[in-house]
Amino acid sequence: MSAFTGPEGPIRDVANGMTVVDATGETVGFVDEMRMADAGAVTGAGQTPPGGGNPFAWVAKLFSTDSGLSAQAQEHLARGGFIRVDANGPFTGHRYVEADQIAVVAGDEVLLSVAADELLR
């Protein structure tokens, strides 16, 4: 069990396929993808993304084209780190968990500090 494992926090212990459980004890779904924080992405000014070009054009590639997330939300998630959850239920799509919304990683479960309805969609 990891409540804090260094500067990245418990997100460091997250792996694809783990079960994600919200603060109410309900299963949200399963980890589909995890990205650590990009400490260098404080602002777009002066940043050089992989392959050069637009500083945040590469961020969009981290998210599915139909995610519905605004560019601002995508940039925020990329800067702080996130996990993408394949949510339970028909037509539920993905949920995005900010790194600081992860309370603890225990065994094969990611326990959140917020309810599922507070997650980005």
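Good morning, everyone; the protein I would like to walk you through has one helix and six strands, and I should say at the outset that what we are looking at is a predicted model. If you follow the chain from the N terminus, the elements come in the order β-β-α-β-β-β-β. Of the 121 residues in the protein, 39% are buried, and among the contacts with a separation of 6 or more, 53% are between residues 24 or more positions apart.

Let me start with the strands. They form an open sheet of six strands in the order E4-E3-E2-E1-E6-E5, and the pairing is mixed. At the edges stand E4 and E5, each of which pairs on one side only, and from one strand to the next the twist averages 35 degrees.

We can now go through part of that sheet pair by pair, beginning with strand E1, residues 19-21, which pairs with E2 in the antiparallel sense over three bridges. These two strands form a hairpin with five residues between them, and in the turn Gly25 has a positive phi of about 95 degrees. Two of the positions are easy to find on the screen: Val21 has Thr27 in E2 as its bridge partner, while Thr19 stands opposite Phe30 in E2.

Phe30 also leads us across to the next strand, since Phe30 stands opposite Asp86 in E3. E2 and E3 are antiparallel as well, and here the pairing extends over six bridges, with Ile83 in E3 as the bridge partner of Met34. Moving one strand further, E3 and E4 run antiparallel and are joined by five bridges; in this pair, Phe82 has Glu98 in E4 as its bridge partner. E3 itself is mostly covered, with five of its six residues buried.

That brings me to the helix, H1, which spans residues 71-80, and to a question: which of its residues are buried? They are Ala73, Gln74, Leu77 and Ala78. As a general point, an α-helix has 3.6 residues a turn, so residues three or four places apart point the same way. In our case, looking down the axis of H1, the buried residues fall within an arc of 135 degrees, so they line one face of the helix. Those buried residues pack against E3 and E4, whereas on the other side of H1 we find Ala71 and Gln72 exposed. After the helix comes Gly81, whose phi is positive, near 90 degrees.

Next, the interior. The largest nonpolar core has 16 residues, and the members that touch the most others are Val14, Val20, Ile83, Ile102, Val110 and Leu112. Two or more residues of this core come from each of strand E2 (27-35), strand E3 (82-87), strand E5 (102-106) and strand E6 (109-112). There is also a second, separate core of five residues, which includes Leu69, Ala73, Leu77 and Phe82.

To give a feeling for one member of the largest core, take Val20: leaving aside residues up to four places away in sequence, Val20 touches Glu26, Thr27, Val28, Gly29, Phe30, Val31, Ile83, Val85, Val110 and Leu112.

I would also like to spend a moment on the aromatic rings, where the structure holds one pair. How are the two rings placed with respect to each other? The rings belong to Phe82 and Tyr96, with their centres 6.1 Å apart and their planes at 55 degrees, so the pair is tilted. Phe82 lies in strand E3 and Tyr96 in strand E4, residues 94-98, so the pair ties together parts that are 14 residues apart in sequence. Both Phe82 and Tyr96 are buried.

Finally, let me turn to the edge strand E5, and to Ala106, which has its place there. Is Ala106 buried or partly exposed? With a relative accessibility of 23%, Ala106 counts as partly exposed, because the label buried is kept for values under 20%. The C-alpha atom of Ala106 is separated by 8.9 Å from that of Asp13, although the two residues are 93 residues apart along the chain.

With that I will stop, and I am happy to go back to any part of the model on the screen.

Key. Residues are numbered from 1 along each chain as its sequence is written. This is a predicted model: local features need pLDDT of at least 70, side-chain atom pairs count only at pLDDT 80 or more; totals for chains, interfaces and linings use all residues. Side-chain values use heavy atoms; hydrogens and water are left out. A nonpolar core is a set of buried Ala, Val, Leu, Ile, Met, Phe, Trp, Tyr and Cys residues joined through side-chain atoms within 4.5 Å. Buried means under 20% relative accessible area, exposed over 50%, partly exposed in between (1.4 Å probe, protein chains only). Helices (H or I, at least four residues) and strands (E, at least two) are DSSP runs, numbered from the N terminus. Contact means heavy atoms within 4.5 Å. Rings of Phe, Tyr and Trp (its six-membered ring) pair if their centres lie within 6.5 Å; planes under 30 degrees apart count as stacked, over 60 as edge-to-face and the rest as tilted. The arc is that of the directions from the helix axis to the C-beta atoms. Two strands pair if DSSP finds at least two bridges between them. Axes are lines fitted to C-alpha atoms, for helices over the stretch in contact, and angles run from 0 to 180 degrees between N-to-C directions.
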